[in-house]
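Notebook open, model loaded. I'm jotting down what I look up as I go.

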Amino acid sequence: MPFSFTSEQKQSMLWLALAFALLLLLSLLGPVLMPFIVASILSYVLTPWVDKLCALRVRKIGLPRSVAATLVIVILIAAVLAMVLVMIPILQKEIPQLQDQIPRFFDKLDEMLAPMLSEFGIKVRLDSTGIKALLTEQMANSGDVIGKAVLNSIRVGGTAVLGMVANLLLIPIVLFYLLMDWHSLIRRLSHFIPRRYVSVTANAVLEVDDILAQYLRGQILVMIVLAVYYSVALSIARFDLALPVGIITGFLVFIPYLGYGLGLVLAVIGAILQFDGFSGLVWVAAIYGIGQVVESFYLTPRLVGERIGLHPLTVIFALMAFGQLFGFIGILIALPASAVISVAVKHLRVSYLNSPFYSQT
């Protein structure tokens, strides 16, 4: 007897095919979706604050949601601008000093590595004079190619900068409308769920929301504490670039080991450029060693907690996998997607353990 699909199975296959086509279309529209995804993530984080402002009573009248949403967006933009305004004067002061110290860095590098390389028969000068001569020789040999590449990169880079500026200007606008209609949007999306799966889906969404809420709140606290610690500790050690390096190290800690590694590299470079001998490197080793121990054994377990189910390796893999598949958009959705996947895997595990396929002997 030939196998035939029932009407319900045909409808299920049709809707699954449409869902797959929609996901494929969204992946192709990745660059266009960037401001919408960023605004959606910010809206998810900021909606509770808008709700709290709306619950306030000003002269016995509730604060309108439009006013609350505008106020939250203004505070967010002010916080970002304040950070930029703090960083710009420091960088304006320190970058010229860094440029003056770069030749010293290459001279020290030549003193350290040139004798070692000469033992292997490699004669090369790594000081500023040798680097300049090497670059001049390479540019002379491939001047036309480099010129064309530079012109092409300028054209492509100019278009990319214009697109980035347009996206940045679009984010607050999209964020405002999402904050205004967040709850009604969630209700509308819930109507698309098949009625027999409403209860299961609602419970899964609550689990995902709990995981994300705990992770985001705890991680933000960890970022702030570490940014303050590294900035203050490097300032005590008299590092010229203490504030920007400390802020970068702390605020990039949400990417496990990458933020710490980048901050450590910047601090080591600063120590080599600024200090004579190994005193700067000793300070860097002590500061970053203590910071890593405090983060791993106290801050992350206390403020983030292991019970959320997102292991650091899971976050690393999610960032790399979604970044490879969807580019920058994938990095933005990696955390929510990993939370959804972790909840789905947990439910699949329970279903598998309760299935006859597993339990029958």
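**Entry 1: helix 7.** I started with the buried residues of helix 7, which are Ala242, Pro244, Val245, Gly246, Ile247, Thr249 and Gly250. That makes seven of the 10 residues in helix 7 (residues 242–251), so this helix is largely enclosed by the rest of the structure. My cut-off for "buried" here is under 20% relative accessible area. I have to remember that I'm looking at a predicted model.

**Entry 2: across from Ile247.** I picked Ile247, one of those buried residues, and checked how far it sits from Met83. The two are 164 residues apart in sequence, yet their C-alpha atoms are 9.5 Å apart in space. Met83 belongs to helix 3 (residues 65–119). Is Met83 buried or exposed? Neither, as it turns out: Met83 is partly exposed, at 37% relative accessible area.

**Entry 3: the whole chain.** I went through the secondary structure next and found 12 helices and two strands. In sequence order I read two helices, then the two strands, then the remaining helices. Of the 361 residues, 27% count as buried. I put the accessible surface at about 24700 Å², with 73% of it on carbon and sulfur atoms. For contacts between residues at least 6 apart in sequence, I noted that 68% join residues at least 24 apart.

**Entry 4: helix 6.** Does the length of helix 6 come out short, long or as expected? Helix 6 (residues 198–236) has 39 residues, which at 1.5 Å a residue should span 57 Å; its end C-alpha atoms are 56 Å apart, so the two agree. After helix 6 comes Arg238, where I read a positive phi, near 65°.

**Entry 5: UniProt record.** I pulled the unreviewed UniProt entry, which places "transmembrane region" at residues 13–46, 67–91, 160–180, 220–239, 245–273, 280–300 and 312–345. I checked two of these stretches against the model. Residues 220–239 are 85% helix and 0% strand, with end C-alpha atoms 25 Å apart. Residues 280–300 are 100% helix and 0% strand, and there the end C-alpha atoms are 28 Å apart.

**Entry 6: confidence.** I left pLDDT for last. The chain averages 75, and 68% of the residues score at least 70. Which elements have the lowest and the highest mean pLDDT? Helix 4 (residues 128–141) has the lowest, at 54, and helix 2 (residues 30–55) the highest, at 83. Note to self: where pLDDT is low, the predicted coordinates should not be read in detail.

Notes
Residues are numbered from 1 along each chain as its sequence is written. This is a predicted model: local features need pLDDT of at least 70, side-chain atom pairs count only at pLDDT 80 or more; totals for chains, interfaces and linings use all residues. Side-chain values use heavy atoms; hydrogens and water are left out. pLDDT is the predictor's confidence in each residue, from 0 to 100. Helices (H or I, at least four residues) and strands (E, at least two) are DSSP runs, numbered from the N terminus. UniProt positions are given in the numbering used here, feature names are shortened, and annotations may be inferred rather than shown by experiment. Buried means under 20% relative accessible area, exposed over 50%, partly exposed in between (1.4 Å probe, protein chains only). Contact means heavy atoms within 4.5 Å. Accessible areas come from the Shrake-Rupley method with a 1.4 Å probe; for residues, only the protein chains shown count as cover. The expected span of a helix is 1.5 Å times one less than its number of residues.
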